[in-house]
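Visitor: I'm new to this and would love a close look at one part of the protein. Could you pick a spot and walk me through it, then show me what else is worth a look?

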Amino acid sequence: LLHSEIVECHLSDLPLSTAMRALFGALVGSNDDTEHVLKDLLAAIEAGKVDDELWSKCLALKDVEEAIDKEWPRHAVRKASRKNIASVVGLVSRCCGILEDICTKLEIPSQEMSDDDELKLINCGAVLSHLLSSGPVSKVPDKRPKDPLAKALWKEQEHSRTLGARLIDITLRMLFIEGFTIEELDHLEELGSDTPEPGGVTPAMGATTVTAELIWCDGVGPTGGGNLKVTDDMRSNRIVGLKLLISILLRAAPSEALVPKEKERREGEDHKPGSAAAVAAAAAAGATARRPLMLDTRALEYLTHATPSSSSSSTTTTTTSSSCVAPPFRAELFYSLLSCALSYDPHGFSVPYGGYFSGSKEEEFTQLCLQALGLLLLDPADVHAVPEEATVTRRPQEQHGSWSYFKWVSPRPHYFRQMLNSVSGHDEINFMVGGVVTLLGTVTDERGTYLPKSVRIPEFLPELLVLVFHIVSCEKFIATACKEEDIVDLALGTLHVAAEAHEHVPDDNVTFLIWCILLRLSAYREVSMAFCDPFDGDIPDDLPEVKGSFLDILWIAAIKQLGEYFASAKCNPFHKSVVESCLYLMVNSAPFVESLAPETCHRFFSLVERCGKCVQKRSNHRGAQLLPDLLNILETVLQYQYGSNGTLAYGVMARAKTLQELHKFVARPLTQGAAGEEQTSSVQGKAPGTSGDGSLSPRTEISDVSATPMSEETMAVWRMNVKLHLDPIVRLVEAVLPDLEAKVEKQDIANPEEAKELLPHCVVGLLPPPPVFTTRTLASSELTHRACEHCLVACVGSGPLDPLWDNGDDHPASQGEEEDETEDGDDDDGKVGSASSSKPQHLSKKGEEGAGGSATTTAATAAGVVSPDAGASKQMVNGAGAGAGVAASEDPQPNGRDPGHPTEGAVAGSAAQTPNPQQAAGAHPNVT
């Protein structure tokens, strides 16, 4: 004891309490020694004097992983990095060398893992995680700060690989070390060789053979392996490796995401839906949700797009360029993460309150697996895809076959996305379907249990949404889910996630992902048909009780969501995309609709009426842009499913006058051009955009009054689309309505249900040939990338790895931290897909704030006896009256369509007006 390192200090120079604590700590083995060594190491890093003796002490400590979070807060590590970056780079390189030496030694069959080697692996991983996660934070959005460590990591070396590539490779090797993260494999002499092992398969992109025995858990991947004997130490070591991998990929990204503060600010503001303050808040939230967080994506580029050379081995460290050698064990990592995540049992052996007794370690490990997997499925190239061009169309009646996965989901070869799409085994797909449905179903299970709080909802639902967003692009997964009758449960679970409060994740990103998932599902014919089956499950609380099919639930939810984002779609690109996704979901499922419920028809016709009145009253173009799609839905249902949709057909007859007036409006010829209108109105002293009598011109009556009049070409496209879908509907009305009115008057019917029975049971010959319907889905784009990125980064920063990015807001050193920004054109050498070289393309602003106030929009008519025509006002009963509505005082931005298809035109965007709070009162649908 007298010769111990603790007592060698001058005890006379220390306070009595400190001296006694040091002596007592040496006797009982407290962690004071660990705390002192870590503090000394951080001070040595800042001073630039990390000697071998101090570093050896740190490597020999047994509780560095537990103490380093407290002793190395982010602001302290960041301060040391700013003062002496050379010392940080040197320590990172030293840790990397130690890890490489240990892994190389353990590759020899006769070598075994020693306790010293295990301590070095854990301690080096902990130190590296904190050094890499303490990168600079950008004070200016979209601008990357100077990061000397990142420059050193990816600086090309003449005779060796970059330090960043070496770090990634050694991290992957750490995750598959016998006796450390996997059990001992006595029967394997060499891992990762080119000779296929029993149970091995060859994955995509030419990777080497996958060793089944290396995969952490059975489920997905080659059969015959799977580490079933997982100890707590192995799980802890896997967490060390995953923490290091995530810190390499994200760097300071979780510190960039100021989601909690932003969300607290938004929740503190009680804005009326549709008000100017609410629209301004939505615009600010959209700008925040679109801000790039991962400013340096070279590590992700290397992991996802590096291709192996012909002579590379999965475990051999070469000295060639990092661009020519693939990272090792990528396939094993993908299968391990996916299998561990989807095999988690949230119910705790399916017994009440079992999830509480299973402990939080298993859930935290599952959350880390989902976070790492979600990050690996990101592709920085998606930011180059313009959101307006992300909608992909397909005509199933003309284009036989299935969707082409890689043409619209992944614009370039992506290792992990291809791995996900290559999963094809029957047992593997069943495992994936069961795992996803079980995890998404925890919300429904918690609501349906008789015992209060007996089912615990996991914390990783946002990360699960990111995985589901990618999985639903796999046709084999969808086919199996439909065959096993699990597709409705999957969609229902996704809807229930929308009703859950996500503390640290932006609402816009979660809502966007949910409707992207539902839109992608509706693009499959089998899914839309399955949605038409009768539904008696648990409906989300924010939706009304409906007796009908699951498609009724989806349509009502889509109309409700459309109403909530209707006013802010002009200024928030995520809201605009959600509005389009809601519309396209109804367009995709319209050919398969069977017997829509009256509640669904009420809301749908309310939306159509409001959009039609925006045009007829020449108030503004709020809602007019939705009219072509809504009429397309109505026409498609009448053409393909007339016989089973009597309520919808009767609702058309009850609105004959409105539809006929709209038809006359779009049939009128256009007046003189924009230049002539402006010149004439200016000469006569009238407002721009008005005709000779002072009324709105046909080209400006669906645009903002204060905006520049639309071009004749744009207006002509909009009229053509409306007329194209309205012609068959008006033709049906003219053929059916006279006879229906006569029968109603003759039999003195005052009940809509009885009046519907008088409709013809078949309209063959009354309508033109059915048009070829078009289904739409959403490809990868800048918005999908940002939504997934923000969800993952926010969850990482508030999840099990929170201490890595804890800025210590109560610490004075964390306030007002100054960072030097990268100058324009100041590019690092050897970067691969860095933020400065791949700046995202943003939507252009198509107008300025309008000077005038918006016109008042008349609310929909109440339910009751409504005449389809003036001559039959006392005989007809409106069975599908306006019972719900959308705030038609605001209009979304134009839909991104294929201009080559005549049915997909859209009105060009125009200036935004200051919304009238009174017009947004009907934003939330409600049944009358």
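Guide: Sure, and keep in mind that this is a predicted model. Let's take helix α36, which runs over residues 782-798. Its 17 residues reach 24 Å from the first C-alpha to the last, close to the 24 Å expected at 1.5 Å a residue. Now, is this helix enclosed or not? Buried means under 20% relative accessible area, and 16 of the 17 residues of α36 are buried, so the helix is largely enclosed by the rest of the structure.

Next, the nonpolar core. The largest one has 242 residues, and the members that touch the most others are W55, W72, M432, L521, F550 and W555. Helix α34, residues 712-747, gives the most to this core, with 12 residues. Zoom in on F550: leaving out residues up to four places away in sequence, F550 touches V488, A491, L492, L495, F531, D533 and F535.

Now for S522, which sits in helix α25 (residues 507-522). S522 counts as buried because its relative accessibility is 3%. Its side chain makes a polar contact of 3.1 Å with the side chain of N588. Again skipping residues up to four places away in sequence, S522 touches V527, S528, L585 and N588.

One last stop is R78, found in helix α5 (residues 74-83). With 7% relative accessibility, R78 counts as buried too. Look for H130 as well: R78 and H130 are 52 residues apart in sequence, and their C-alpha atoms are 9.6 Å apart in space.

Notes
Residues are numbered from 1 along each chain as its sequence is written. This is a predicted model: local features need pLDDT of at least 70, side-chain atom pairs count only at pLDDT 80 or more; totals for chains, interfaces and linings use all residues. Side-chain values use heavy atoms; hydrogens and water are left out. Helices (H or I, at least four residues) and strands (E, at least two) are DSSP runs, numbered from the N terminus. The expected span of a helix is 1.5 Å times one less than its number of residues. Buried means under 20% relative accessible area, exposed over 50%, partly exposed in between (1.4 Å probe, protein chains only). A nonpolar core is a set of buried Ala, Val, Leu, Ile, Met, Phe, Trp, Tyr and Cys residues joined through side-chain atoms within 4.5 Å. Contact means heavy atoms within 4.5 Å. A polar contact is a pair of N or O atoms within 3.5 Å; within protein, one must be able to donate a hydrogen and the other to accept it, and residues adjacent in sequence count only if both atoms are side-chain atoms.
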